[in-house]
Amino acid sequence: MKPYQILVFFITTVIALFTLSLVFPEDGVKISDELSLKFLTFDQLIKSDSAAYADISEIIGNSGVEEELEIDTLTIISDLTELVAIDTLRADADSLKRITHLIEFPANDKRNFNQFFSNLESLRSKKELMRILHYGDSQIETDRMTGFIRNNLQKRFGGSGPGLIPPVPLYSGKMSIRQESIGQWKRYTGFGKIDTTIGHNRYGALISYCSYDPLEIDVKSLPALEFRPSTIAYSTARIYNTISVYLSKPDTGYLSIKAFEEDSLIDKLGFEESIKYNKISWNFVQTPKKFSIEFEGKARPEIYGISLDNSWGVAMDNIPLRGSAGLVFSKIDTMQLRQMYEDMNVGMIILQFGGNVVPYMKNFKHYENIFKRELKVIKSMCPDIAILVVGPSDMSIREKGQYITYPSLEKVRNAIRNASIDSGCAFWDMYEAMGGNNSMPSWVFAEPPLAISDFVHLNSKGAKIMAEMMYNALIYEYNLWVLEGR
Amino acid sequence: MNNLYDIFIFNPEKPLLFTQMYFWIFFGIILSIYSIIYPAKAARNGFLFFASLFFYWKTSGLFFLLLIFSTIVGYFLGLGNYRAKKKLVKKLFVAGSIIVNLGLLSYFKYSYFVTETINNWFRTDFEVFNFLAAMSNSITGSKFDVAVIGLPVGISFFTFQTISYALDIYREKVKPVRNIIDFGFYVSFFPQLVAGPIVRASEFVPQLYKRYNLSYEEFGYALFLILNGLVKKMFIGDYLAVNFIDRIFANPLSYSGFENISALYAYSLQVYCDFSGYTDIAIGIALFLGFRLPKNFNSPYKADSVGNFWKRWHISLSSWLKDYLYIPLGGNKKGQFRTNVNLMLTMLLGGLWHGASWEFVIWGGINGLGLLVYKYWKRISPYENSTHWLTHLWKVFLTFNFITFTRIWFRSESIQQANQFLSQVWNSLDLSLAPEVIFSYYKVFLIMLLGYVVHWLPSGFKNSYRNWFINAPIWVKLIVTLIIIFVIYQSWSADIVPFIYFQF
């Protein structure tokens with residue numbers, strides 16, 4: 001064989017492929033519902049072969065996340081026109097101003113947020129504890145986004161600890177705390193696959209609770225929950241001196257709860273009557289290296305969560321509802337939920353949903369209406385708190401080898417935005433903040449990558465950048481409130 | 001005009017990878033010119049050298065200057081080495097080549113690793129400073145970022161090739177290349193520049209002075225390798241990575257232990273398909289141009305021991321490490337203890353060669369331990385000499401699983417991520433989810449099954465269908481080629497498997 005013969009073979013192959021691209025149907029050939037054959041069209045072959053992915057260089061280039069996670073020295077510029085959240089050790093003010101994507105308020109009504117800022121500012125002097133609940137879908141799993149915002153808020157306004165956590169997490173759970181469960185604990189959720197045999201809909205603030213069957217107890221190894229500070233968490237999450245358990249006991253019968261610091265018994269409680277809802281707290285001088293709660297008796301507890309906080313300051317809770325579209329609050333017992341919110345002194349709720357409906361939603365007006373219903377339920381429970389709704393991130397589908405934004409994404413975003421604004425809630429547009437149309441591929445293909453190759457989820461690096469933008473947006477409003485004379 | 005301009009400028013988003021259309025346009029142009037000039041050896045070598053430099057420019061931008069620098073230094077040090085009469089002078093020349101090449105490799109590949117390690121160990125706060133960029137900025141007025149040291153593509157390969165050249169001249173295994181263009185061609189030959197195989201001067205240089213010669217069977221073999229490589233890389237490797245592996249390794253804590261383990265086994269196949277697929281294509285393309293590159297993979301998961309695995313996996317690297325690191329360290333000639341130390345050092349450094357992080361060192365270390373354990377075990381094993389097929393099957397099974405286990409550190413982006421993986425497997429295996437996971441990701445599991453089954457097919461059977469293709473008439477080859485490209489396109493353009501939740 002001579003090289004020109006190989007060249008002839010090569011050219012023949014190219015011509016054959018070229019001819020195929022001319023005759024192959026543009027929409028492909030459908031073989032079955034799941035399989036259709038596709039091929040490049042003539043247009044695609046001769047045009048540039050990359051979709052116009054969003055330019056995110058300014059967004060990621062200006063992020064200070066990689067340089068220093070622990071630094072937050074926000075200052076305020078006195079001139080209102082130059083108002084921007086500035087971290088003095090990061091980029092210049094102009095660059096940060098460019099990446100601060102602002103929160104939208106209904107008719108510019110910021111009363112609830114201003115009240116929240118006022119409470120936030122007084123936590124240090126009043127030695128009070130206030131919670132921020134960060135609900136979301138899988139985008140916030142394993143403390144993504146929440147961890148960064150919590151750390152920054154706690155450093156600025158006081159407070160520490162990982163916040164409210166489930167007694168038994170989904171798999172190994174979070175990075176912000178080391179926890180172990182002993183015994184046959186089972187997790188019941190008010191979203192996803194709901195166990196209809198439980199006969200009630202009390203799920204608490206985490207929209208899930210954990211329990212065990214007392215008949216299956218092994219007396220040599222009683223059901224217990226253990227907590228140790230994480231060695232990989234943000235520094236503030238490793239410190240806590242107040243631990244509370246939120247629980248109920250649906251049936252009568254004896255239930256004993258023993259609390260241990262390391263291996264020393266520090267408290268023993270006994271209950272005979274049924275308990276609809278209760279909060280039990282323990283205070284410590286310093287963070288216990290190991291804290292455990294042991295359960296014994298014939299009655300079954302339902303544990304709604306355990307909070308590990310400082311006695312005052314900000315507590316922020318990461319509450320991922322995997323697979324959820326955020327339509328859960330109207331389906332669970334709001335009486336008990338309201339009581340738990342009051343107990344926890346909730347000052348703000350963040351709702352970050354939408355991603356799970358993007359691939360399937362057809363009726364956007366319907367989604368808008370049912371999302372509005374959820375917001376109404378939350379507002380009816382706590383009318384004065386700040387509610388921030390965060391829209392979905394960009395998500396891509398692959399079409400003929402190129403990644404493009406889901407055609408329905410902006411419609412879902414608009415439905416959530418409309419529902420929020422109509423309900424008197426604030427809205428933060430994560431999709432626009434990350435670069436808008438076709439920005440997800442830019443996050444996936446960034447070096448290092450900032451999102452996972454499912455083109456839906458941010459990875460931990462990307463989540464930190466996104467969390468920083470969200471934090472900046474919130475602090476921008478706080479600074480504005482300060483400058484306007486509180 | 002823009003398209004014409006695009007051909008010549010460096011665009012980091014459009015590197016000349018074998019899996020990109022740009023590469024095949026590039027190759028078509030190269031082949032066209034080559035078809036005219038190939039009989040004239042000097043012109044052929046010169047043309048392929050400049051084509052390779054252009055390829056490197058398109059892949060790595062201005063780093064092609066580094067390749068030219070490495071070529072000039074390597075060539076003259078080699079020449080000096082050969083002409084020197086005294087042993088000491090020869091040693092100085094060879095040391096010079098090693099220092100320059102390892103210096104380049106260390107500077108561009110390991111600066112961040114060393115800085116971070118020092119900062120972690122001594123609680124310092126050093127930052128990487130690109131003094132080459134600073135020097136260029138002050139001399140030429142360029143505007144390179146001095147806070148960043150980029151990694152030139154293929155630097156691990158071309159520096160190792162240049163070192164082997166210097167050592168082979170020193171050991172009088174090879175004579176220096178006749179002129180600098182030929183040497184540049186050897187160092188930068190574009191098919192193997194980015195991902196190997198690492199070619200020895202003794203194997204490659206003599207080919208520079210031979211006439212073009214390619215039989216019809218060799219053409220068929222080259223085409224088979226290219227198509228086989230594309231299927232491995234694009235149909236299997238890329239599909240598994242995008243639709244399953246990447247998302248699980250990005251956040252192991254969000255998935256059950258079963259999903260994590262499945263991702264690990266999928267990765268074991270992916271890394272083989274990616275790497276061997278790429279070198280298959282490289283060998284095929286080189287053969288089209290009349291150059292024979294060494295075989296780099298030999299069904300590595302058929303290995304029946306860790307030692308045997310390393311004789312089948314990335315063969316050109318294993319033999320390089322043996323000849324230029326393990327043996328110079330003393331090999332097995334200095335007693336039991338030193339042999340073991342040499343082996344571990346070779347594996348640890350081999351691990352570090354694959355990537356500048358402690359995960360790769362751990363990966364190399366575990367492989368080294370595997371080699372040592374097997375070395376002693378085979379002395380007492382009652383089954384070592386057994387030829388029973390069940391014994392062989394067990395050994396292959398054990399080796400494959402051990403190698404797959406080591407991949408945890410090869411794939412994880414941090415030790416923390418590897419620990420998360422292990423924690424999920426240990427604490428949350430959740431086997432009850434297995435049927436649901438397999439059913440929901442059935443395409444992923446089918447492709448995985450297909451990949452492993454084909455890998456473990458008997459060599460005789462594989463040879464028979466390869467030989468059928470090699471000897472098939474040209475029109476059959478053309479039809480098979482078109483069908484394979486069409487199938488690869490289906491996989492490349494397939495919808496992303498959506499994110500599926502199994503636990504709430």
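This is a short talk on a predicted model with two chains, A and B.

I'll begin with chain A. Its secondary structure comes to twelve helices and 22 strands. Chain A has 486 residues, and 47% of them count as buried. Take the contacts in chain A between residues at least 6 apart in sequence: 78% of those join residues at least 24 apart.

Chain A is divided into three domains. Domain 1 covers 3-46, domain 3 covers 161-311, and domain 2 is written in two pieces, 51-159 and 312-486. If you take the centres over C-alpha atoms, domain 1 and domain 3 of chain A are separated by 60 Å.

Now a sheet in chain A. Five strands form an open sheet, in the order β7-β10-β15-β12-β13, and the pairing is antiparallel. Which strands are at the edges? They are β7, residues 177-182, and β13, residues 264-271, and each pairs on one side only. From one strand to the next, the twist averages 15°. As a reminder, strands of a sheet pair through backbone hydrogen bonds, and the pairing can be parallel or antiparallel.

Inside that sheet, β10(A), residues 224-229, runs antiparallel to β15(A), residues 291-297, and four bridges join them. One example to find on the screen is Leu225(A), whose bridge partner in β15(A) is Ile293(A).

Further along the sheet order, β12(A), residues 255-261, pairs with β13(A) over seven bridges, again in the antiparallel sense. Here Ser256(A) has Gly270(A) as its bridge partner in β13(A). β12(A) and β13(A) make a hairpin with two residues between the strands, and Glu262(A) takes a positive phi near 50° there.

Is β13(A) largely covered or largely in the open? Of its eight residues, the number buried is zero, so β13(A) lies largely in the open.

Set that beside strand β17 of chain A, residues 313-320. It is mostly covered, with eight of its eight residues buried. β17(A) is joined to β5(A), residues 129-136, by eight bridges, and these two strands run parallel. The bridge partner of His134(A) in β17(A) is Asn318(A).

Next, the nonpolar cores. The largest one has 226 residues. Which members touch the most other members? Those are Ile349(A), Ile387(A), Met466(A), Met470(A) and Leu240(B), with residues from both chains in the list. Helix α11 of chain B, residues 216-250, gives the largest share of this core, 21 residues. Leaving aside neighbours within four places in sequence, Ile349(A) is in contact with Leu133(A), Tyr135(A), Ile378(A), Ile385(A) and Ile387(A). Another core, of eight residues, lies apart from the largest one, and its members include Ala303(B), Trp313(B), Tyr374(B) and Ile403(B).

That brings me to chain B. It is divided into domain 1, 2-208, and domain 2, 216-492. The centres of these two domains, over C-alpha atoms, are separated by 27 Å. How many residues are in contact between them? There are 24 from domain 1 and 21 from domain 2. On the domain 1 side, the elements that give two or more residues are α2, α5, α7, α9 and α10 of chain B. The largest share of that side, five residues, comes from α7(B). By class, that side has 16 nonpolar, six polar and two charged residues.

One residue in helix α11 of chain B is Tyr221(B). With 19 C-beta neighbours inside 10 Å, Tyr221(B) counts as partly exposed, because 20 would be needed for buried. Not counting residues up to four places away in sequence, Tyr221(B) touches Leu287(B) and Ile470(B). Tyr221(B) and Phe291(B) are 70 residues apart in sequence, and their C-alpha atoms are 13 Å apart in space.

Last, the contact between the two chains. It takes 45 residues from chain B and 41 from chain A. On the chain B side, the elements giving two or more residues are α2, α11, α18 and α22. Which of them gives the largest share? That is α22(B), with nine residues. The chain B side divides into 25 nonpolar, 16 polar and four charged residues.

That is the end of the talk.

Note on methods: Residues numbered from 1 in each chain as written. Predicted model: local features only at pLDDT ≥ 70, side-chain atom pairs only at ≥ 80, totals over all residues. Domains from an automatic or database assignment. Contact = placed C-beta atoms within 7 Å. Nonpolar A, V, L, I, M, F, W, Y, C, P; charged D, E, K, R; others polar. Buried ≥ 20, exposed ≤ 12 C-beta atoms within 10 Å, placed from the backbone. Core = buried A, V, L, I, M, F, W, Y, C linked by C-beta atoms within 7 Å. Pairing = 2+ DSSP bridges. Axes fitted to C-alpha atoms, helices over the stretch in contact; angles between N-to-C directions.
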